[in-house]
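Colleague: I would like a close look at the cysteines in this chain. How many disulfides does the rule give, and why?

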Amino acid sequence: KMKFKKKVDLNILAIICARGGSKGVKNKNIKSFCGKPLIAHSIEMARSIKIINKVIVSTDSKKIALTSKKFKAEVPFIRPKKLATDNSPEWKTWLHLIKFLKQSKEKMPNIIISIPATSPLRSANDLKNAIKKFIQNKKSDVLITVTEAHRNPYFNMVEVNKSGFLDIVISKKNFVSNRQEAPKVFDVCTLAYVTTPEYILKSSHMFKGNVDYYEVDKSRSIDIDDEYDFNLAEILYKRQNDK
């Protein structure tokens, strides 16, 4: 991981990956969320952060591309359909974007921050703090955002064993009888992912290297996947902004 001596060394690119074929919520990324397209919230937040130099949207959808440009994000290409299916790993989408930048001889960023459109409850401070922690920890290859898990595989998560009965997912020698005794576990949330182009180019997936984390409160961690999530997020967003 490269060392950054001064702020002027930093060239931070925000990427927002948004495909058109959403099944849980039709046209999710451009559906009106509290008065503007869902993706616009992520674009505007990224553009409001001074240390972020550029915001690029990677999409397979011309409608999403037009909406993104309207809110002043750059859309330098339309993503291939093979990278926009239900089973397409986002890591390959990042790799496609980095290779595009290299081929177009654009100035390569030092840091990539991926900001999914589906987490509109994040704060600008969440993004700034995630970037700051990533820069400070010289040994990390990637930083992800997490929130404390509601269920714990050492205590109250179960799986079906070979006999057809239930076992605790992870058993310890000394039985864990309450949450306080169990190791702390987290849910990965989609507020942000921070890494470098070098790590994306050399790795086949996110967990190949040293993965650091930035913990956020559950109230800001919602990831919109279906109509229930969408409606709940709108209620929580309005309540946050009323405050």
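Modeller: What follows takes the cysteines first, then two other residues, then the chain as a whole. This is a predicted model, in which local features need pLDDT of at least 70 and side-chain atom pairs count only at pLDDT 80 or more, while totals for chains, interfaces and linings use all residues. Residues are numbered from 1 along each chain as its sequence is written, and side-chain values use heavy atoms, with hydrogens and water left out.

A disulfide is a covalent bond between the sulfur atoms of two cysteines. The rule used here asks for a pair of cysteine sulfur atoms within 2.5 Å, and by it the count is zero disulfides. For C17, the closest cysteine sulfur is that of C189, and no bond is assigned because the distance of 17 Å is too far. Seen from C189, the closest cysteine sulfur is in C17, again 17 Å away and too far for a bond. Buried here means under 20% relative accessible area, exposed means over 50%, and partly exposed lies in between (1.4 Å probe, protein chains only). C17 has 14% relative accessibility and therefore counts as buried. C189 is at 3%, so C189 counts as buried too.

S68 is another buried residue, with a relative accessible area of 0%. S68 sits in helix α2, residues 62-70; helices (H or I, at least four residues) and strands (E, at least two) are DSSP runs numbered from the N terminus. Not counting residues up to four places away in sequence, S68 touches I39, I43, V57, A73 and V75, where contact means heavy atoms within 4.5 Å.

D225 lies in a loop, between β10 (211-215) and α6 (227-242). Apart from neighbours within four places in sequence, D225 contacts G24, V25 and K28. The C-alpha atoms of D225 and S119 are 9.9 Å apart, although the two residues are 106 apart in sequence.

As for the whole chain, there are six helices and 10 strands. Of its 243 residues, 46% are buried. Among contacts with a separation of 6 or more, 72% join residues 24 or more positions apart. The radius of gyration, taken over C-alpha atoms, is compared with a globule rule of 2.2 Å times the number of residues to the power 0.38. The chain has 19 Å, which agrees with the value near 18 Å for a compact globule of 243 residues. Along the principal axes, the C-alpha atoms fill a box of roughly 55 × 40 × 40 Å.
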